[in-house]
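Visitor: Hi, got a minute to go through this one with me? Let's pull it up.
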Amino acid sequence: MAKNQNTNQSASGNWFVRLMKTLGRWAKRMFFGGSKELTMDEKLAVEKLESPSKLAVKAFFRRKLATGALVVLVCMFLFVFIGPYFIPMDLNYTDPLQANIAPNYSMLKVPDELAANVRSIHGFSNFTVGVSGDNNFYLWGYTENALTKVDYGKIPDEVQPGKVEAAAAGSDHIIVITTDGKVVAWGNNSCGQYGVVKEGDPHRQIPDLLLNGTIDASKVDQLICGYQTTALVLDGELYMWGNTKACLNLNEMADNYNKNVQKVALSNYYAIVLFEDGTVSGGSALSFAMMSAVSSKNGNISNLKPYLEGKTVVDIAATNNCYALLLSDGDLVVFGAAEYGETELPAIPSGEKIVQVEGGTRHFICRTDANKAYAWGHNDAGQSNLNGEEAANIFAGPKQSYLIGEDNQLTKKIGMKGYIFGTDNRGRDTFTRIVHGGKMTMTVGAVAVIVSSLIAIIVGCLSGYFGGWVDMLLMRVTEIFSAIPFLPFAMLLSYVLQTKPISENMRIFMIMIILGLLSWTGLARMIRGQVLAEREKEFVIAAQSMGVKENRIAFKHILPNVISVILVSMTLDFATCLLTESSLSYLGFGVTQPQPTWGNMLDGANNSIVIQNYWWQWLFPAIFLAIATISINIIGDTLRDVLDPKSSQEK
Amino acid sequence: MGKYIVKRIMYILVVFLILSFLIFMIYNMLPVDKAAETARAEVQANKRLNYEERYEFWQKRYGTNGSKFERYLRWLGVYPYDDGTFNGLLQGNLGDSTQYGKPVIEMLGEPMKNTIIINIFSTILALGITIPLGIFCAVKRGSKRDVAVQVGTIVGYSLPTFIIAIVFIWLFAIVLGWFPVSGMSTAGSLTWSAWDRLWDRAYHLALPLIVMTFCSLGGMTRYVRASMIEALSMDCIRTARAKGLREKVVVYSHAWRNALIPIVTLVIGWFLGIFGGSLMIENIFALNGIGRVYYTALQMHDNEVVLALQMFYIIIALMGNLIIDLAYGFVDPRVRVNK
């Protein structure tokens with residue numbers, strides 16, 4: 001049995017090798033002339049003469065535009081076929097907080113003055129705020145809202161250098177407490193982030209004391225912002241305000257759990273509070289009973305509540321979906337809906353004890369008593385690449401990690417730098433999707449062209465060489481296929497496929513085949529015409545008189561002579577297939593989301609809001625698609641010119 | 001000639017039958033059962049009814065009982081329903097639209113008119129630009145202006161319609177604000193005077209027409225130029241020049257006539273092709289045309305509309321082939337078909 005398989009394999013291997021050899025020989029014959037080795041004398045004799053194909057290659061490279069297009073196309077191929085190995089993509093990744101960000105690369109640009117003397121760093125989505133040791137306020141990152149054109153980077157006059165005590169940033173608002181005890185806020189306040197709340201809205205207004213009065217700034221223990229919410233711990237008392245739909249236990253915590261508070265942590269849905277006596281509460285909505293968790297010392301815990309009994313919590317942190325509790329013995333407990341490995345706690349070397357924990361949107365950082373930092377969780381931007389780096393203090397940005405040295409200097413910053421091509425409406429990086437989408441678009445185009453060319457070669461050669469009823473039959477079939485209106489029919493087939501229970505990859509493969517099946521007729525007719533002309537030439541008669549089989553004459557003697565037509569047509573068809581694939585995908589009948597292609601990346605761009613405000617979402621895929629098809633068409637046109645002896649007399 | 005036309009029409013009928021059978025079979029792969037749906041709804045409304053019985057009744061009514069081949073013949077209108085009547089394509093029945101709740105034939109009138117208007121106008125516009133431009137490029141072959149136009153046309157036909165449309169919307173509708181972003185008419189324009197309504201319609205159709213024209217410029221200009229170059233290199237042109245004819249006469253009378261043959265093919269083929277091509281434009285600009293109806297029917301699973309329109313597209317394509325063959329004969333006396 002095994003032997004049988006082996007021979008099968010080698011047989012198919014042989015077949016493949018033979019095919020490759022034949023193709024190689026054609027290519028060689030095409031570009032470098034015949035395969036016969038010449039003696040020195042013959043070489044000298046023909047030195048002045050060059051084969052037409054060699055001349056064609058030279059003529060091709062003499063044209064600057066075509067050479068440029070070839071270089072661009074090769075670069076693009078390398079970009080989309082090698083790129084995905086360096087830039088991995090999580091197909092199902094979405095992050096609403098990162099949606100619709102314009103191209104920018106400033107998310108990790110901590111101002112130098114702040115880096116020299118850091119007191120605090122805080123951020124929630126796209127921008128981060130920091131306060132330096134000498135009470136200066138700093139803001140960096142993507143501070144705009146592309147839709148409303150609001151720039152959160154416009155700092156109000158009340159925020160003066162040297163007079164800022166604490167600052168925190170939410171997804172679209174910033175809260176600053178000055179040394180005079182004034183609370184300054186700016187950004188979006190449509191959901192009660194600050195200012196007066198309209199009657200009847202599900203929002204909790206900022207307490208009067210903070211809105212109009214002043215507080216003792218030196219007594220601020222903690223100021224943090226969540227998604228449209230803010231929490232302030234002032235001398236052991238908790239103040240919370242903002243959107244009660246964004247923090248479901250906001251009212252309960254602010255009303256009932258606001259005394260003797262040590263620290264508060266905000267996830268995307270809940271707040272948890274650490275009290276001065278070392279207990280933790282999340283209100284009635286987030287009860288710890290029956291909640292499973294992961295502990296760094298004891299592994300999986302099935303019920304968190306009894307586990308915490310009698311233990312003292314010293315620090316808490318939260319990501320969007322997970323919470324971390326640090327117990328006094330250095331035991332770290334993480335619970336919540338972990339999607340990105342938030343519960344895969346790092347191995348801390350024995351002898352070290354965790355003393356601090358901080359949370360970003362999807363990753364945690366912790367610090368041990370040996371002043372070493374460890375990070376875990378989502379690592380799409382390298383924010384969790386920490387394994388024992390020196391740090392006297394740590395801060396977590398939304399997708400960044402900041403390590404602070406002994407003298408309050410910023411010693412290391414890692415994580416999301418920004419998006420060079422922006423993000424789409426689901427928070428996915430456009431650049432990554434262009435790389436992966438290009439691979440898909442090019443693959444679909446290439447397979448479709450190969451399928452269509454194979455059919456065209458077979459039909460064209462048979463029909464042209466044999467003539468008679470074969471020709472008659474095949475040409476009628478060709479006519480029937482060419483009568484099918486391309487776009488509507490492809491849409492219909494794709495629609496039928498959508499209703500069938502087949503996998504996404506299978507569907508994409510079927511779409512490649514459909515594109516190929518519907519686009520071979522033009523080339524088949526062209527090949528037939530060429531073969532008809534070649535058939536009458538002497539070498540065919542010679543081959544026939546030598547008794548070469550008819551199939552062999554058609555495919556081995558005549559086909560190489562029409563290869564230039566095929567080559568030109570394949571090049572131009574490739575561009576057409578790229579266009580049809582992207583058109584189909586744009587209409588939603590080709591490759592569908594979340595799998596990107598250059599066509600379906602544009603399907604969000606069919607309304608004026610996207611076209612106007614989120615220009616990067618359609619401009620970059622369009623540019624890449626345009627450059628690819630333009631270079632392919634230029635190459636194809638030039639090939640046609642240089643391979644056609646008639647048009648070489650041009651100029 | 002007459003014999004040839006009859007032969008071609010017979011042939012087209014055969015091709016139509018093959019293609020319609022093919023498409024009917026593809027359509028039958030869709031998981032729809034109109035009789036079952038109606039029967040289920042009936043039984044749900046009135047619990048006393050027997051589902052099996054009602055299902056059989058509706059199957060007979062809709063003609064969905066029997067083999068696929070029988071159903072196809074019924075759809076064509078050459079095989080009787082159970083009550084002995086014929087009701088299919090030949091009788092002018094294309095089924096009902098579930099989305100609009102009326103026969104397909106009735107709901108297609110207005111979109112058909114719009115599509116034809118758009119396509120005729122854009123064809124006229126495109127020809128008006130491309131033919132002079134192509135002739136100019138062919139006559140001034142190799143000049144800087146020719147090269148510039150050549151590069152421009154490569155860019156033009158390399159870009160897909162939707163990208164050109166998006167860029168034009170961005171530029172003309174959003175940045176400059178000259179045209180509306182999409183739609184066929186201003187809301188509430190039904191009460192306006194006829195002249196105002198016409199003007200409003202023209203205002204809304206301007207940008208789609210510009211985009212369609214622009215999209216066809218690249219390919220058509222290249223085609224006109226290529227066939228004109230071919231014509232200009234013929235021996236008769238050299239003779240004409242040698243006998244001292246003015247260049248204008250040589251180009252427009254002698255060369256242009258010869259160049260016209262492939263161009264006629266292109267224009268007719270292209271005009272019929274854009275019925276499929278305007279699908280994209282109609283969807284981007286939300287114009288109520290055939291293409292948009294087809295697209296929404298696919299989206300809303302309005303299957304009988306899909307089937308009818310698919311057949312319409314095929315008929316258009318087949319008619320196009322016939323007209324091209326005949327037009328060849330009319331334009332070029334040498335290839336007048338005498339078989």
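Visitor: Which hand is the crossing of α9(A) and α13(A), left or right?
Guide: α9(A) passes α13(A) in a right-handed crossing (the near helix is turned clockwise from the far one by less than a right angle). This is a predicted model: local features need pLDDT of at least 70, side-chain atom pairs count only at pLDDT 80 or more, while totals for chains, interfaces and linings use all residues. Residues are numbered from 1 along each chain as written, chains are lettered from A in written order, and side-chain values use heavy atoms without hydrogens and water.

Visitor: And what's the angle?
Guide: About 35°, with the axes 7 Å apart, for α9 (residues 430–466) and α13 (residues 521–535) of chain A. Axes are lines fitted to C-alpha atoms over the stretch in contact, and angles run from 0 to 180 degrees between N-to-C directions. Helices are DSSP runs (H or I, at least four residues), numbered from the N terminus.

Visitor: Which residues meet there?
Guide: Among them are I457(A) and V459(A) on α9(A), and I527(A) and L532(A) on α13(A); contact means heavy atoms within 4.5 Å.

Visitor: Switching topic: how many residues does each chain put into the contact of B and A?
Guide: Chain B gives 45 and chain A gives 40.

Visitor: Which ones in chain B lose the most area?
Guide: F162(B), I166(B) and L298(B), together 15% of what that side buries.

Visitor: How many salt bridges across the interface?
Guide: One (Lys or Arg side-chain nitrogen within 4 Å of an Asp or Glu carboxyl oxygen). D637(A) pairs with R222(B), the closest N and O atoms being 2.1 Å apart.

Terms used:
Buried area is the accessible area (1.4 Å probe) that two parts lose on being put together, summed over both. Helices (H or I, at least four residues) and strands (E, at least two) are DSSP runs, numbered from the N terminus.
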